[in-house]
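Hello,

Here is the structure I promised to hand over. Have a look at it first, and my notes on what turned up follow below.

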Amino acid sequence: DENGYLVIKNLISGEDIERFRNEFAKICKKEIQVPGLIIMRDVAIAKSEFVPDQKAVTKIQDFQEDEELFRYCTMPQILKYVECFTGPNIMAMHTMLINKPPDSGKKSSRHPMHQDLHYFPFRPADLIVCAWTAMEQIDRSNGCLVVLPGTHKGSLKQHDYPDWEGGVNKMYHGVRDYNKNLPRVHLVMEKGDTVFFHPLLIHGSGMNRTQGFRKAISCHYASADCHYIEVKGTSQENIEKEVAEIAQKKYGVSTPITLKDTWMIRGRLVKGERTNL
Ligand SMILES: CC(C)CC(=O)SCCNC(=O)CCNC(=O)[C@H](O)C(C)(C)COP(=O)(O)OP(=O)(O)OC[C@H]1O[C@@H](n2cnc3c(N)ncnc32)[C@H](O)[C@@H]1OP(=O)(O)O
Ligand SMILES: Nc1ncnc2c1ncn2[C@@H]1O[C@H](COP(=O)(O)OP(=O)(O)OP(=O)(O)O)[C@@H](O)[C@H]1O
Ligand SMILES: O=C(O)CCC(=O)C(=O)O
Ligand SMILES: [Fe+2]
Ligand SMILES: [Mg+2]
């Protein structure tokens with residue numbers, strides 16, 4: 001209620017994390033193909049030659065069709081907390097395994113300060129929550145999450161690309177202006193620790209100054225009772241346009257796609273009944 005986030009220590013076992021790591025490695029080596037999966041490379045290496053290795057991958061998104069990784073989204077010890085926010089009808093809306101690469105020197109491994117709700121055309125915000133689990137020790141050296149406690153009580157802000165000299169990853173929009181004097185909290189987390197946070201909480205992550213690939217796995221949940229909203233004429237219009245362009249290519253369709261369509265396709269029920277979303 002006060003901070004907009006909650007860290008639970010040691011929620012996911014080392015054994016499970018090892019299984020997620022192995023599955024991720026297989027995906028990077030193209031040993032398995034997952035329908036609908038997006039493999040994203042860091043903007044600093046996006047135009048370089050293809051290497052079949054996790055060294056080329058910044059994150060994978062939309063792993064809902066991968067049985068092994070999707071296990072993360074259904075874990076009872078996570079859903080126990082999620083249900084407190086969403087109620088009994090729970091949808092896994094967005095899945096990611098983030099593999100923050102050693103920074104290339106361009107600082108593009110940073111994730112600008114943002115609110116996840118910018119990407120979501122469904123409401124109410126209070127029925128949405130993210131679970132994010134550290135797959136190893138994560139601190140300021142390899143780019144931990146940075147949060148502005150209490151900012152979830154504010155409204156959704158205008159997001160745009162930050163004007164970073166070294167380039168910005170596709171769709172890494174940041175809050176255009178937020179109060180720079182607000183206290184920042186660096187979430188230092190150990191392997192298996194999990195943070196649950198509100199979709200309006202302003203957060204980002206620092207650059208990775210180590211030689212390792214900093215790994216975290218996450219899922220955004222929403223109550224199936226949420227409803228979709230029309231984002232035309234709102235601050236979210238810019239992200240709808242970008243997402244729709246990519247989705248049209250990805251799904252190979254010529255008819256216009258809305259932000260709502262892209263979320264209806266990805267969402268999966270994990271508990272209860274799929275009422276609205
Ligand atoms: C709450 C949650 C939603 C918050 C977030 O997750 S915020 C970040 C969300 N980010 C995304 O959703 C990005 C998803 N990524 C993607 O869709 C893909 O990785 C793409 C950026 C479209 C690239 O995929 P794909 O087309 O398969 O890759 P290609 O290697 O063929 O490159 C096509 C053109 O895209 C460029 N590109 C690739 N990766 C990046 C990048 N990281 N940043 C900026 N540009 C990039 C690449 O250089 C190429 O450009 P051209 O040669 O066509 O000019
Ligand atoms: N110019 C900027 N505009 C917007 N956001 C920024 C800017 N510089 C950094 N950030 C964001 O602030 C957060 C922290 O960034 P930074 O790279 O300084 O890491 P840090 O964890 O604070 O490390 P350090 O120990 O160096 O302070 C990240 O989310 C980052 O993306
Ligand atoms: O760096 C991270 O792991 C967090 C990324 C993030 O906040 C996001 O993708 O929405
Ligand atoms: Fe985020
Ligand atoms: Mg800093």
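The shell around ligand 2 divides into five nonpolar, six polar and two charged residues. Please keep in mind that this is a predicted model. In total, 13 residues surround ligand 2, and the closest are Arg110, Arg140, Val146, Gly204 and Gly206. Two elements, β5 (111-114) and β13, each give two or more residues to that shell. The largest share comes from β5, with three residues.

Ligand 3 is next. Its shell is made up of Met96, Ile98, Lys100, His111, Asp116, Leu145, His203, Ser205 and Ala216. Here the elements that supply two or more residues are β4 (90-100) and β13 (203-205). Strand β4 gives the most, three residues. Sorted by class, the shell around ligand 3 has four nonpolar, three polar and two charged residues. If you are scrolling through the model, β13 is a handy strand to highlight: it appears among the elements named for ligand 3 and also among those named for ligand 2.

Which strands sit in the open sheet of four, and in what order? The order is β5-β13-β8-β11, and the pairing is antiparallel. At the edges are β5 and β11 (185-187), each of which pairs on one side only. From one strand to the next, the twist averages 25 degrees. Within this sheet, β8 (residues 145-147) runs antiparallel to β13, and three bridges join the two. Valine 146 has glycine 204 of β13 as its bridge partner. You have met both of these residues already, since Val146 and Gly204 are listed among the closest to ligand 2.

Now for the helices. Helix α1 (residues 14-28) packs with helix α2 (residues 67-74) at an angle of about 140 degrees, and their axes are 9 Å apart. Angles over 145 degrees would count as roughly antiparallel, so α1 is oblique to α2. The crossing of α1 past α2 is left-handed.

Does the length of α4 agree or disagree with what its residue count leads us to expect? Helix α4 covers residues 237-251, which is 15 residues, and at 1.5 Å a residue these should span 21 Å. The expected span takes 1.5 Å times one less than the number of residues. The C-alpha atoms at the two ends of α4 are 21 Å apart, so the two values agree. Just after α4 comes glycine 252, with a positive phi near 60 degrees.

Finally, two spots in the backbone to look at:

- Arginine 123 and proline 124 are joined by a cis peptide bond, with omega about 0 degrees. Proline 124 lies in the loop between β6 (122-123) and β7 (128-134).
- Asparagine 10 has a phi near 50 degrees, which is a positive value in a residue other than glycine. You will find asparagine 10 in the loop between β1 (5-8) and α1.

Happy browsing, and do write back with any questions.

Best wishes

Methods
Residues are numbered from 1 along each chain as its sequence is written. Chains are lettered from A and ligands numbered from 1 in the order in which they are written. This is a predicted model: local features need pLDDT of at least 70, side-chain atom pairs count only at pLDDT 80 or more; totals for chains, interfaces and linings use all residues. A residue is near a molecule or strand if its C-beta atom, placed from the backbone, lies within 6 Å of it. Ala, Val, Leu, Ile, Met, Phe, Trp, Tyr, Cys and Pro count as nonpolar, Asp, Glu, Lys and Arg as charged, and the others, Gly among them, as polar. Two strands pair if DSSP finds at least two bridges between them. Axes are lines fitted to C-alpha atoms, for helices over the stretch in contact, and angles run from 0 to 180 degrees between N-to-C directions. Angles under 35 degrees count as roughly parallel, over 145 as roughly antiparallel, 65 to 115 as roughly perpendicular and the rest as oblique. A crossing is left-handed if the near helix is turned anticlockwise from the far one by less than a right angle, and right-handed if clockwise.
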